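This report is meant for a reader who has not met this structure before. Please look over the sequence and the model shown here before reading on.

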Amino acid sequence: MRKTLFFLALLFCAVLWFRVDLYSMVRPTFLADGGADCFKALTSQGITHTSLGDTSSGSCGIKNAVRITSFPSTQLSSPITVSCPFALKLNGFLKEIEAREITHMGSYNCREIRGSSLLSEHSYGTAIDISHIDSASVLKDWRKPTNEGQILERANNAACDWFNNVLTPDTNAAHKDHFHLDSGFGLGCWL
């Protein structure tokens, strides 16, 4: 009986590892680069950017990477590196919520999802973590009945239309101080 349980546990772990490894191998094939039209759209929308081409670091990489220093109506706390299509999505979101400035905690970063062996969407330049929108702090103002709380609530609701995954302080403790927005395979908006 013990040998059977051990074998089943081992089999379960092997299947889980294979699925995780398979996901990390397959995910890059679903990344869109947007082509030359994407760069034209960045320029026509007034997004200050530098083309970096395709980048890679081990199993991570960005197709059609761009370094964004500013959006036309939104100042960034520091430049970000993302895929060209993600930059266009982010610009649309920022315009919709009328953000004058955002403080972010990062975009491209070759790493696994915390507590998992799956590569994060940050690994493909298709994610950003935002801690502040204008005067609103996710850590201090989330779900508060204040003007800042309303800024965050509107941003969260709009993000659900722009991104495939929206993680907030309501999701888990790892997101207590920021919104995670990505365009990976989505489970929808975590409200």
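The text below goes from the overall make-up to the strands, the helices, the pockets and some single residues.

This is a predicted model, in which local features need pLDDT of at least 70 and side-chain atom pairs count only at pLDDT 80 or more, while totals for chains, interfaces and linings use all residues. Residues are numbered from 1 along each chain as its sequence is written, and side-chain values use heavy atoms, with hydrogens and water left out.

**Overall make-up**

The protein has five helices and nine strands, where helices (H or I, at least four residues) and strands (E, at least two) are DSSP runs numbered from the N terminus. Read from the N terminus on, the elements follow the order α-α-β-β-β-α-β-β-β-α-α-β-β-β. Of the 191 residues in the protein, 40% are buried; here buried means under 20% relative accessible area, exposed means over 50%, and partly exposed lies in between, with a 1.4 Å probe and protein chains only.

**Strands and a crossover**

Strand β2 (residues 60-70) and strand β3 (residues 75-83) run antiparallel and are joined by five bridges, two strands being counted as paired if DSSP finds at least two bridges between them. Within this pair, Ala65 stands opposite Ser83 in β3, and a hairpin of four residues leads from β2 to β3. On β3 there is also a parallel pairing, over two bridges, with strand β4 (residues 101-106), in which Gln75 has Glu101 of β4 as its bridge partner. Between these two strands the chain crosses from β3 through helix α3 (residues 84-97) to β4, and this β-α-β crossover is left-handed. For reference, a crossover is right-handed if, with the strands pointing away from the viewer, the path from the first strand over the helix to the second runs clockwise.

**Two helices**

The length of a helix can be set against an expected span, which is 1.5 Å times one less than its number of residues. For α3, the 14 residues should span 20 Å, and the end C-alpha atoms are 20 Å apart, which agrees. The 16 residues of helix α5 (residues 147-162) should span 22 Å, and here the end C-alpha atoms are 23 Å apart, which also agrees.

In α3 the buried residues are Cys84, Phe86, Ala87, Leu90, Asn91, Gly92, Phe93, Leu94 and Ile97. Lys95, which is found in the same helix, α3, counts as partly exposed because its relative accessibility is 48%. The C-alpha atoms of Lys95 and Thr74 are 7.9 Å apart in space, although the two residues are 21 apart in sequence. In α5, Gly149, Ile151, Leu152, Ala155, Asn156, Ala158 and Ala159 are buried.

**Pockets**

Rolling a probe the size of a water molecule over the atoms shows where empty space is left. On a 1 Å grid over the protein atoms alone, a cavity is a set of points where a 1.4 Å probe fits but cannot get out, and a pocket is an open set with protein on both sides within 12 Å along at least five of seven lines; lining residues have an atom within 4 Å of a point. Grid points are joined across faces, edges and corners, and a volume is the space filled by probe spheres set on the points.

The largest pocket holds about 650 Å³ of space. Of the 24 residues that line the largest pocket, Ile113, Leu167, His175, His180 and Asp182 are the closest to its centre. To this lining, β7 (165-167) and β8 (179-182) each supply at least two residues, and by class the lining has ten nonpolar, nine polar and five charged residues. In this sorting, Ala, Val, Leu, Ile, Met, Phe, Trp, Tyr, Cys and Pro count as nonpolar, Asp, Glu, Lys and Arg as charged, and the others, Gly among them, as polar.

The second largest pocket holds about 150 Å³ of space. Its lining includes Arg27, Phe30, Ser83, Phe86, Lys89 and Ser183, and the largest share of that lining, three residues, comes from α3. By class, the lining of the second largest pocket has five nonpolar, four polar and two charged residues.

**Single residues with a positive phi**

| Residue | Positive phi | Place |
|---|---|---|
| Asn64 | about 60° | strand β2 |
| Asp134 | about 50° | loop between β5 (127-133) and β6 (136-137) |
| Glu98 | about 55° | just after α3 |

Asn64 counts as buried because its relative accessibility is 7%, and Asp134 counts as buried at 14% relative accessibility.
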